[in-house]
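Here are a few exercises to work through with the model open beside you. Try each task before reading its solution.

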Amino acid sequence: MNIESNNHQLRLKAAKRVKEIKGFYTHVLATFIIPPFLVFINLQTVPQFHWFWFAIIVWFVGLIIHWFGVFGFDKLGFGKNWEEKKIKEFINKK
């Protein structure tokens with residue numbers, strides 16, 4: 001029973017992780033689909049003021065924040081064991 005419960009928890013955790021990654025890639029896709037529409041709307045309504053740049057910048061900042069939320073610092077090499085790995089690296093260098 002304990003092994004079955006543990007497998008169920010691992011499966012739920014994996015499903016949650018897959019859902020997070022899928023959500024991030026959906027955000028990436030939307031990042032490349034929506035801005036052209038914003039540019040079009042902006043140039044049709046108020047061509048003298050390019051407000052679409054603000055929307056695009058905020059969108060990309062949101063994408064970066066979403067990336068950190070899903071993948072974290074591990075992809076940059078600053079994961080949980082970063083300090084320990086660096087200490088070992090410096091010890092091995094000498």
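**Exercise 1. Classify Trp-67 by its accessibility, then find its ring partner and describe the geometry.**

Start with the area: this is a predicted model, and in it Trp-67 has 23% relative accessibility, so it counts as partly exposed. The class runs from 20% to 50%. Do the same for Phe-68, which is partly exposed at 31%.

Before turning to the ring geometry, take the count: there are six aromatic pairs. One of them joins Phe-52 and Trp-53, with ring centres 4.9 Å apart and planes at 40 degrees, so this pair is tilted. Trp-67 pairs with Phe-68 at 5.0 Å centre to centre, and with 80 degrees between the planes the pair is edge-to-face. The cut-off for that label is over 60 degrees.

Last step: zoom out. Ring pairs link Trp-67 and Phe-68 into a cluster with Phe-24, Tyr-25 and Phe-71.

**Exercise 2. Are Phe-52 and Trp-53 buried or exposed, or something in between?**

Take Phe-52: its relative accessible area is 7%, so it is buried. Now Trp-53: the value is 48%, so it is partly exposed, since exposed needs over 50%.

**Exercise 3. Find what His-27 touches, leaving out residues up to four places away in sequence.**

First place the residue: His-27 sits in helix H1, which covers residues 2-45. Next, check its cover: a relative accessible area of 18% makes His-27 buried. Then list the contacts: they are Trp-59, Gly-62, Leu-63 and His-66.

**Exercise 4. Search the whole structure for salt bridges.**

The search turns up one. Its partners are Arg-17 and Glu-20, with the closest N and O atoms 3.5 Å apart. Both residues lie in helix H1, three residues apart, or about one turn of the helix. As for cover, Arg-17 is partly exposed at 33%, and Glu-20 is partly exposed too, at 29%.

**Exercise 5. Describe the surroundings of Thr-45, and find the nonpolar surface patch that includes Ile-41.**

Thr-45 belongs to helix H1 and is exposed, with a relative accessible area of 52%. Its side chain reaches the backbone oxygen of Ile-41 at 2.8 Å. Follow Ile-41 to the patch: it joins Leu-29, Ile-33, Ile-34, Phe-37 and Phe-40, and together they have about 580 Å² of accessible area. Phe-37, also a helix H1 residue, is exposed at 54%.

Finish with a distance: Thr-45 and Phe-68 are 23 residues apart in sequence and 35 Å apart in space, C-alpha to C-alpha.

Terms used. Residues numbered from 1 in each chain as written. Predicted model: local features only at pLDDT ≥ 70, side-chain atom pairs only at ≥ 80, totals over all residues. Heavy atoms only, no water. Helix = DSSP H or I, 4+ residues; strand = E, 2+ residues; numbered from the N terminus. Buried < 20%, exposed > 50% of the residue type's maximum accessible area, 1.4 Å probe, protein only. Contact = heavy atoms within 4.5 Å. Salt bridge = Lys/Arg side-chain N within 4 Å of Asp/Glu carboxyl O. Polar contact = N/O pair within 3.5 Å; in protein donor to acceptor, adjacent residues only side chain to side chain. Patch = residues over 30% accessible without salt bridge, like charges linked within 9 Å, V, L, I, M, F, W, Y side chains within 5 Å. Areas by Shrake-Rupley, 256 points an atom, 1.4 Å probe, with all protein chains shown as cover. Phe/Tyr/Trp six-rings, centres within 6.5 Å; stacked < 30°, edge-to-face > 60°.
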